[in-house]
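Ready to look at a protein together? Keep the picture open beside you and check each answer as you go.

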Amino acid sequence: MSKTEFINKIANEFEILSDVLNGQKQSDSFSKRKEALDAFNEVGIPTLKHENWKYTKLAFMHQFDFELSLRGNLSKEELQALVPRFDAYRLVFVNGRFEENLSDVVQEKGLLIRNLADVLADSTISAVYSKIADYKKDPFLALNAAMAFEGAYIKVERNTVIDKPLHIVVINDSKDKSTKAYFRNLIDVAENASVKIIETNHTLGDNASLTNSVSEVFVAQNARAEYHKLQADTEKSYYFGNIQVQQERDSHFKTSVLSLSGKFIRNNINTVLNGTGCQSDMDGFYYVDADNTIDNHTYLDHAMPHCESNEFYKGIMNDKGTGIFNGKIMVRPDAQKTNAYQSNKNILLSDDATINTKPELEIYADDVKCSHGATCGYLDEESLFYLRARGIGEKEARTLLLNAFAGEVIERIGIEDLRNYATELVLNRLSF
């Protein structure tokens, strides 16, 4: 499929969505959709010549004929077999559409959960739609802003603490054909409030699937929010994910991304520390094998003084797998007394595996403590010898070392159900 054919197909799909969104055509949010589509058409699919995509091959975007599907066909039995059950409120979206009959009924005082499509007519909500997820800066943000019409709107009221996590389940139903889905969340955590969110991604069927997901998260003064992603999809799944966060004074935001399987995964996480006393923690672990690709791009923007950020990413590459890590910390002139730390550690298990890592610091303040570093290497032979000398077999010793390496990230997850499930998944993936 040529670039022109691809853009024409997107235009046709936009017309289909326009008919579905007939009641919103006069709204401000629909005007943003049209502007976003124009922004995407101007850039198109990035190539290796684009700096943020220089290691990321996107030829599959033209090779597969991904079809926009407005409704899946998922039974409760299929959901149970496909999706882990955590002690959490479950919100299920199939091919980008909210499935109320598969989702839990949430009745928590101070917590409002709605389908995003049902609230965009509210001018106060549409005013912040795409406010921090700037579609002019990224073509896949633009494509999502134009095409996503459902998702989760989550509002946590002031002084409300939600103890039970929210589990957002994103499913592509590709039983009949190769499908693509656009999905968007808008999460507003008010002053002194607290919430934890889990997102998992799944493909049902043997055909290829493409997911484009965006979450905008507003964390108000003295609020706390966590956003955890678990990606363990099929070998025919392709995923573009963006989390865009804005923090206000004395707030705390924590995210972890565990990417364990999938043909292609691109995760962008951008956080603006927009008030004094903010803390932001970013954790990630990725395992890449076969000829798959996992690409993590992070951006921490220290805009105000007396803030702290900690970033801790680890990866294991096997076979002909390709891992990419690009983490940037920006410290602006007003952000004095900043503490910012970044670490990326990688293990290569084969000579054909690849890691491209690029930690970055850009500092315009003079009273800061900042550090970054990256390591790439093979499994520690001395540690392997130490274990084998004590009667542990080579396979078991390798498994112990690799799981210990991954465990440093997993043990930082504050949701017990998710931490235990992730530990089991990683053990299975790294036992070879």
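**Questions about a predicted model**

Q: What makes the span of helix 10 close to the expected one in this predicted model?
A: Helix 10 covers residues 416–429, which is 14 residues. From its first C-alpha to its last it reaches 20 Å, close to the 20 Å expected at 1.5 Å a residue.

Q: Why can we say that the buried residues of helix 10 line one face?
A: The buried residues of helix 10 are Leu418, Ala422, Leu425 and Val426. Looking down the axis of helix 10, these buried residues fall within an arc of 95 degrees, so they line one face of the helix. Here is the general background: an α-helix has 3.6 residues a turn, so residues three or four places apart point the same way.

Q: What lies on each side of helix 10?
A: The buried residues of helix 10 pack against strand 8 (194–204), strand 10 (224–232), strand 12 (252–261), strand 14 (279–288) and helix 9 (394–410). The face turned away from the buried side carries the exposed residues Glu416, Glu424 and Asn428.

Q: Which sheet do strand 8 and strand 10 belong to, and where are its edges?
A: They belong to an open sheet of 10 strands with mixed pairing, in the order 3-2-6-8-10-12-14-16-18-20. Its edge strands are strand 3 (97–98) and strand 20 (368–377), since each pairs on one side only.

Q: How do you know that strand 8 and strand 10 pair?
A: Pairing asks for at least two bridges, and 8 bridges join strand 8 to strand 10. The two strands run parallel. One bridge takes Ser194 to its partner Arg224 in strand 10.

Q: Why is Thr338 called buried?
A: Buried means under 20% relative accessible area. Thr338 has 0%, so it is buried. Thr338 lies in strand 18 (residues 338–348), and among the residues it touches are His302, Met304, Asp367 and Cys370.

Q: Why is the pair of Phe64 and Phe66 called tilted?
A: There are 15 aromatic pairs in the count. In this one, the ring centres of Phe64 and Phe66 are 5.4 Å apart, within the 6.5 Å limit for a pair. Their planes meet at 35 degrees, neither under 30 (stacked) nor over 60 (edge-to-face), so the pair is tilted.

Q: What makes the pair of Phe93 and Phe183 edge-to-face?
A: The centres of Phe93 and Phe183 are 4.8 Å apart and their planes make 65 degrees, past the cut-off of over 60 for edge-to-face. Phe93 is in strand 2 (residues 89–94) and Phe183 in strand 7 (residues 179–189), 90 residues apart, and the pair links these distant parts of the chain.

Q: Why is Phe64 called partly exposed, and is Phe66 buried or exposed?
A: Partly exposed runs between 20% and 50%, and Phe64 has 28% relative accessibility, so it counts as partly exposed. Phe66 has a relative accessible area of 4%, so it is buried. Both belong to one aromatic cluster, together with Trp53, Phe60, Phe140, Tyr238, Phe240 and Phe264.

Q: How do you know that the charged end of Lys314 is within reach of the ring of Phe405?
A: The charged end of Lys314 sits over the ring of Phe405, 3.9 Å from its centre, and the distance limit is 6 Å.

Conventions:
Residues numbered from 1 in each chain as written. Predicted model: local features only at pLDDT ≥ 70, side-chain atom pairs only at ≥ 80, totals over all residues. Heavy atoms only, no water. Helix = DSSP H or I, 4+ residues; strand = E, 2+ residues; numbered from the N terminus. Buried < 20%, exposed > 50% of the residue type's maximum accessible area, 1.4 Å probe, protein only. Contact = heavy atoms within 4.5 Å. Expected span 1.5 Å × (residues − 1). Arc of directions from axis to C-beta. Phe/Tyr/Trp six-rings, centres within 6.5 Å; stacked < 30°, edge-to-face > 60°. Lys NZ or Arg CZ within 6 Å of the ring centre and 35° of its normal.
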